Amino acid sequence: MPNTARWAATLTLTATAVCGPLTGAALAAPEPAPSPSPSSSSLHAPSALVLTVGHGERATTAAPERAVTLTCAPTASGTHPAAAQACAELRMSGGDFDSLAGRGKGMCTREYRPVVVTVDGVWQGRRVSYERTFPNECVKNSYGMTVFAF
């Protein structure tokens with residue numbers, strides 16, 4: 001898949017994840033505003049991500065084989081198979097993907113069939129763009145994290 005098509009798909013999935021929940025609210029009748037109290041109001045910065053995985057050494061040359069959405073605020077949702085656990089891991093790491101990918105454990109073969117993982121979107125109101133290449137699928141999965149397990 002050409003790089004332009006990859007970015008178009010990523011932007012489409014990000015827009016769907018961020019704007020999708022807003023479409024129903026636009027059609028609903030306005031409700032009376034609740035009385036403001038510090039305990040009942042909880043504002044969340046948006047956290048909506050598109051994660052892809054594909055075989056290759058770099059995202060620019062690897063065609064994405066799988067893509068999922070992950071929305072963590074205000075609640076965990078998206079097409080990620082374990083959205084709640086992935087959001088919890090991201091919150092614990094402060095959104096630092098490198099710290100998640102730095103905990104590899106387990107035994108894998110030395111087969112070199114690179115797998116590249118990308119993350120694009122917004123984490124707690126900040127733009128995020130991350131890319132990590134693992135030597136093979138086993139090494140990627142050996143890190144024991146849910147964020148990249150899709």
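This report covers the disulfides, helix α2 and the aromatic pairs of one predicted model.

**Disulfides**

A search of the whole structure turns up two disulfides. With the bonded cysteines numbered in sequence order, the pairing reads 1-2, 3-4. The table lists both links.

| Disulfide | Sulfur–sulfur distance | Torsion about S-S | Handedness |
|---|---|---|---|
| Cys72 and Cys87 | 2.0 Å | about -85° | left-handed |
| Cys108 and Cys138 | 2.1 Å | -80° | left-handed |

Take Cys72 and Cys87, whose sulfur atoms sit 2.0 Å apart. Cys72 belongs to strand β2, residues 66-73, and Cys87 to helix α2, residues 83-93, so this disulfide ties together parts that are 15 residues apart in sequence. Are these two cysteines buried or exposed? Both Cys72 and Cys87 are buried.

Now take Cys108 and Cys138, with sulfur atoms 2.1 Å apart. Cys108 is in the loop between α3 (97-100) and β3 (115-123), while Cys138 is in helix α4 (residues 137-142), so the link ties together parts that are 30 residues apart in sequence. Cys108 has 27% relative accessibility and therefore counts as partly exposed. Cys138 has 33% relative accessibility, so Cys138 also counts as partly exposed. The class applies because both values fall between the 20% limit for buried and the 50% limit for exposed.

**Helix α2**

Cys87 is one of the buried residues of α2. The full set is Ala83, Ala86, Cys87, Glu89, Leu90 and Ser93. Why do they lie on the same side of α2? They cover an arc of only 160° around the axis, which puts them on the same side of the helix. On the other side of α2, Ala84 and Met92 are exposed.

What covers the buried residues of α2? The cover includes strand β1 (47-55), β2, α3 and β3. Of these, β2 is the strand that holds Cys72, the disulfide partner of Cys87. After α2 comes Gly94. The phi of Gly94 is positive, near 70°.

**Aromatic pairs**

The count of aromatic pairs is four. One of them joins Phe97 and Phe148. Their ring centres are 6.4 Å apart and their planes meet at 25°, so the pair is stacked. The cut-off for stacking is under 30 degrees. This pair links distant parts of the chain. Phe97 is in helix α3, Phe148 is in the segment after α4, and 51 residues separate them.

Both rings belong to buried residues. Phe97 has a relative accessible area of 4% and is buried. Phe148 counts as buried at 2% relative accessibility.

Phe148 has a further partner. Tyr130 and Phe148 also form a stacked aromatic pair. Here the distance is 6.2 Å centre to centre, with 5° between the planes. Tyr130 lies in strand β4, residues 126-134, and Phe148 in the segment after α4, so this pair ties together parts that are 18 residues apart in sequence. Tyr130 is buried, with a relative accessible area of 11%.

Which residues do the ring pairs link into a cluster? The members are Phe97, Tyr130, Phe134 and Phe148.

**Bringing the parts together**

Helix α3 appears in two of these settings. It is part of the cover over the buried residues of α2, and it carries Phe97 of the ring cluster. Helix α4 holds Cys138 of the second disulfide, and the segment after α4 holds Phe148.

Notes
Residues are numbered from 1 along each chain as its sequence is written. This is a predicted model: local features need pLDDT of at least 70, side-chain atom pairs count only at pLDDT 80 or more; totals for chains, interfaces and linings use all residues. Side-chain values use heavy atoms; hydrogens and water are left out. A disulfide is a pair of cysteine sulfur atoms within 2.5 Å. Helices (H or I, at least four residues) and strands (E, at least two) are DSSP runs, numbered from the N terminus. Buried means under 20% relative accessible area, exposed over 50%, partly exposed in between (1.4 Å probe, protein chains only). The arc is that of the directions from the helix axis to the C-beta atoms. Contact means heavy atoms within 4.5 Å. Rings of Phe, Tyr and Trp (its six-membered ring) pair if their centres lie within 6.5 Å; planes under 30 degrees apart count as stacked, over 60 as edge-to-face and the rest as tilted.
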